[in-house]
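Let's walk through the pockets of this protein and the ligand it holds, one question at a time.

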Amino acid sequence: MTAVSAESVAPSVVTALYVQTRALHLEAERTGFIADMLRGAASRNGYALLLRNLLPAYHQIEDGLERHRDDPMLRPLARYRLARAPAIAADLAALTDDELPLLPEGEAYAQTIARAAEGDGSRLIAHAYTRYLGDLNGGQIVKRLLQKSLGLGPRELAHYDFSAIGELAALKTGYRQALELAGAAAADPEAIIAEGAVAFECNIALSIAVQRRLSGPPA
Ligand code: HEM
């Protein structure tokens, strides 16, 4: 049997993203509006405000992947077309008739992704990892929580419904593999791993901003 040298095995970008963001994931769960949601203390309006501010970020991920869909590196991700932006827009329409504000943190998150989509777009891998694996994992917990605490139904929870795309367990495995393939083809995996932390930090900042806006005086 021939020994495989450490150099010949490409390190897993997805594992590195997981390790890099593990502490930030814990922080995200314990901070701001996400923490309120986990305690069952979220309001319908608060959840709508969070979605309204995530929507531009999803547009940037999905438009960015679409623009790069013929590039060999991002093709495995782009072909999934997880299309959460239309699902979130539908949830928002079902949740409220109000025009909710785009907070500076929501705008900053979207702009961060827009910058990540420039050039070869490889840093989009980190943003797709953070949001989509989040939706496929913790998002399913959040969905059940919101069903219970706010009585939300399928019309308001399309964000977490992937049934039109595939079976959940298969999607989790398949999407992870697609992220892995894309990461292995990237010229600068370190930049992707660093961007993972940026993606979580954007989510934490947004969660804090949403909580602050809800507890503060109306603008
Ligand atoms: C609402 C509170 C949250 C809960 C209860 C939660 C829960 C979970 C759970 C149980 C997993 C599976 C862990 C595993 O397989 O080892 C997971 C994975 C993940 N979550 Fe969360 N999560 C939450 C918030 C978030 C947020 C705010 C983000 C970032 C936007 C996020 C991003 C991720 C990612 C990227 C993964 C995949 C990790 C990996 O397998 O590499 N989660 N989450």
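Q: How many residues lining the second largest pocket are nonpolar, polar and charged?
A: Here a pocket is an open set of points on a 1 Å grid over the protein atoms alone, with protein on both sides within 12 Å along at least five of seven lines, and lining residues have an atom within 4 Å of a point. Ala, Val, Leu, Ile, Met, Phe, Trp, Tyr, Cys and Pro count as nonpolar, Asp, Glu, Lys and Arg as charged, and the others, Gly among them, as polar. The lining includes Leu65, Tyr132 and Glu62, and the split is 8 nonpolar, no polar and 3 charged.

Q: Which element gives the largest share of that second lining?
A: Helices are DSSP runs (H or I, at least four residues), numbered from the N terminus. Two elements give two or more residues to the lining of the second largest pocket, α3 and α4 (75-78). The largest share, 3 residues, comes from α3.

Q: What is the volume of the largest pocket?
A: Grid points are joined across faces, edges and corners, and a volume is the space filled by probe spheres set on the points. By that count the second largest pocket has about 150 Å³. The largest pocket has about 780 Å³.

Q: Where does the ligand sit?
A: A molecule sits in a pocket if more than half of its atoms lie within 2 Å of the pocket's grid points. The candidate to look at is lined by 32 residues, with His25 and Phe200 among those nearest its centre. The ligand sits in the largest pocket.

Q: Which element gives the largest share of the shell around the ligand?
A: A residue is near a molecule if one of its heavy atoms lies within 4 Å of it. The shell divides into 9 nonpolar, 6 polar and 3 charged residues. The largest share, 5 residues, comes from α7.

Q: Which residue has a side-chain N or O atom 2.2 Å from a ligand oxygen atom?
A: A polar contact is a pair of N or O atoms within 3.5 Å. The side chain of Tyr129 has such an atom 2.7 Å from an oxygen atom of the ligand. The 2.2 Å distance belongs to Arg176.

Q: Which protein residue is the single donor to the ligand's iron atom?
A: Donors are N, O and S atoms within 2.8 Å of the metal (3.2 Å for Na, K and Ca), and water is not among the atoms, so sites may look incomplete. The residue we want is found in helix α1. Its NE2 atom is 2.1 Å from the iron, and the residue is His25.

Q: What kind of model is this?
A: Residues are numbered from 1 along each chain as its sequence is written, and side-chain values use heavy atoms, with hydrogens and water left out. Local features need pLDDT of at least 70, side-chain atom pairs count only at pLDDT 80 or more, and totals for chains, interfaces and linings use all residues, as the model is predicted.

How values were computed:
Polar contact = N/O pair within 3.5 Å; in protein donor to acceptor, adjacent residues only side chain to side chain. 1 Å grid on protein atoms, 1.4 Å probe; cavity = no way out; pocket = protein on both sides within 12 Å on 5 of 7 lines; lining within 4 Å.
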